[in-house]
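Trainee: Please take a close look at the salt bridges here, and describe the setting of the residues that take part. Some loops and a helix for comparison would also help.

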Amino acid sequence: MSAASRSRLLRIVPKLISQQDFCFHFYQRSCRNVTFAQSLSLTTATSQENVQKPLEEKQKSVKGPILCNTSKTWEERLADAVTPLWRMNYEEQLQVKYEAQKRTLQFFTASLPSHSGREDLCCPLYPTLPSPVTVGYRNKSTFSVNRGPDGNPKTVGHYIGTGKGRNIVCTHSDHLVNMPKKHKQVARNYEQFIRLSPLEPCILFHEGGHWREITVRTNRRGDAMAIVYFHPQDLQKEEIAKHQTSLVEYFTIGPGSACELTSLYFQESMMTRCLHEQSPYQLLYGVPYIYEEILGLTFRISPDAFFQVNSEGAEVLYETVRDLIRVDSDYIVLDVCCGTGVIGLTLCQGAARVIGIELIEQAVEDAQCNAVLNGIDNCEFLKGKAEIVLPQLLPSLEDVKFLIAVVNPSRAGLHYRVVRAIRNCEQIQQLVYISCKPEGEAMRNFIELCCPPDQQKKLFGDPFTPRLAVPVDMFPHTSHCELVLLFER
């Protein structure tokens, strides 16, 4: 990576600033410290009254299971579960995440034969790049339905406790600092709607009930999409249609109209999660898509499309990837696990071609649409499992001199056949691996990419070498952090 790219990556002259100063610099520019007390000011008058009730009084009224006695309010317990770093200022959070990524790299380094017995890291680790926005940054939130602290089964919020422990309590999310006001508003209105509905909530599938979660998606333009999940049980289509009408009326001409929804979707689902192909999303009201702009490009967002939950943070992430690799007209970029094509489309300028691979059909359709929306004609997107598509694709690219691979898998990491295909393709000299959980299954991928050739695992190509690691904070106030690793050979 050139010196100019490094400067862009850090937004400052690296040699003039220490790691601590770097974090503080961005903290001052991009973020404001929000205490828990300040975050509570976002709640409605009703929820504030609820928060102020003595814990003992609340627990007496709970009809369902409760957690162990503690001096914390329900709101504090939820904040500790969902946003465990909320008590720290943002500078401290960045340092905590840097140290966590350092431990991950130390483990990775110790597994490399070339670094056996050495105490230094296998590659430079940059300071954690901060999110430009730290309050209300989420563009997607899913709210569950279950028994609240007062025992009401029609409570909409987030869980404290576990199903295994039989101590789940659904707590309002109004005080969470990472959630925007619009999401909280839609969740509260959904709660009011299902409390008015004659239908029961579906808490356990085998116990009956119908109303399930609600997902809210927003963009920086102010558009809002809501997706209501519903278990049909044995209701007839005509009965379901009546409740769909009631839902639309509530959010268009009733109290929920204050939410100003752009789109309202409905999915009948008898499973925990259903793709569109398994159970189509039904558009009850509004437009089918909302759109977001990232790095000057426009992207279509459908109900189940994968899109980074922090739009401003995503721009930092994608700029980082763009700065790490050198793309010119001799290169073809392979965007593995491409989702809606955001990474590939932001890298296509200057590249000969970009080829994206994605499992979910709707995401591939979105990616193709996004290419057309932005007038990009050197990108193509292939549907299928990466472990099947990539090994079949690479032989057709044997005449290509240079390939660059960018992979952005789920927490489960890459399938071993994908790692094998990349490792054994000599044209791939650069690889950028984006991991949301590098200490998990991705670690196995890192090790297999960099280990000596292994006949048993069919890893015949030259090993990669880690060159640079950049943590990017996409999730302020949580313990999660993206790690971008550059490998070369």
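Mentor: Buried means under 20% relative accessible area, exposed over 50% and partly exposed in between (1.4 Å probe, protein chains only). The model is predicted, so local features need pLDDT of at least 70 and side-chain atom pairs pLDDT 80 or more, while totals for chains, interfaces and linings use all residues. Residues are numbered from 1 along each chain as its sequence is written, and side-chain values use heavy atoms, without hydrogens and water.

A search of the whole structure finds 16 salt bridges (a side-chain nitrogen of Lys or Arg within 4 Å of a carboxyl oxygen of Asp or Glu). One of them joins Glu 191 to Arg 195, with the closest N and O atoms 3.8 Å apart. Both residues belong to helix α8 (residues 181–196), where their spacing of four residues puts about one helical turn between them. Helices (H or I, at least four residues) and strands (E, at least two) are DSSP runs numbered from the N terminus. The two partners of this pair sit in unlike surroundings: Glu 191 is buried at 5% relative accessibility, whereas Arg 195, at 35%, is partly exposed.

Another salt bridge links the side chains of Arg 220 and Glu 292, at 3.5 Å from N to O. Arg 220 is in the loop between β4 (211–218) and β5 (224–230), and Glu 292 is in strand β8 (residues 290–294), so this pair ties together parts that are 72 residues apart in sequence. Arg 220 is partly exposed, with 38% relative accessibility. Glu 292 is buried, with 3%. The pair does not stand alone, as salt bridges with shared partners join Arg 220, Glu 292, Glu 312 and Glu 315 into one network.

A further salt bridge runs between Asp 80 and Arg 87, whose closest N and O atoms are 3.1 Å apart. The loop between α6 (74–82) and α7 (90–110) contains Thr 83, which is buried, with a relative accessible area of 1%. Leaving aside residues up to four places away in sequence, Thr 83 touches Leu 78, Leu 176, Asn 178, His 477 and Thr 478 (contact means heavy atoms within 4.5 Å).

His 477, one of those contacts, is located in the loop between β15 (465–472) and β16 (482–488). Its relative accessibility of 5% makes His 477 buried. The backbone is also worth a look here: His 477 is not a glycine, yet its phi is positive, at about 75°. A positive phi is found at Cys 337 too, near 65°, and this residue is likewise other than glycine. Cys 337 lies in the loop between β10 and α11 (342–347) and is partly exposed, at 25% relative accessibility.

Strand β10 (331–336) also serves as part of the cover for helix α14. In α14 (residues 416–423), the buried residues are Val 418, Val 419, Ala 421, Ile 422 and Arg 423. Besides β10, the elements covering them include α13, β13, β14 (428–435) and α15 (441–450). The loop that runs between α13 (386–393) and β13 (402–407) holds Asp 399. Asp 399 is exposed, with a relative accessible area of 79%, in contrast to the buried Glu 191 and the buried Glu 292.
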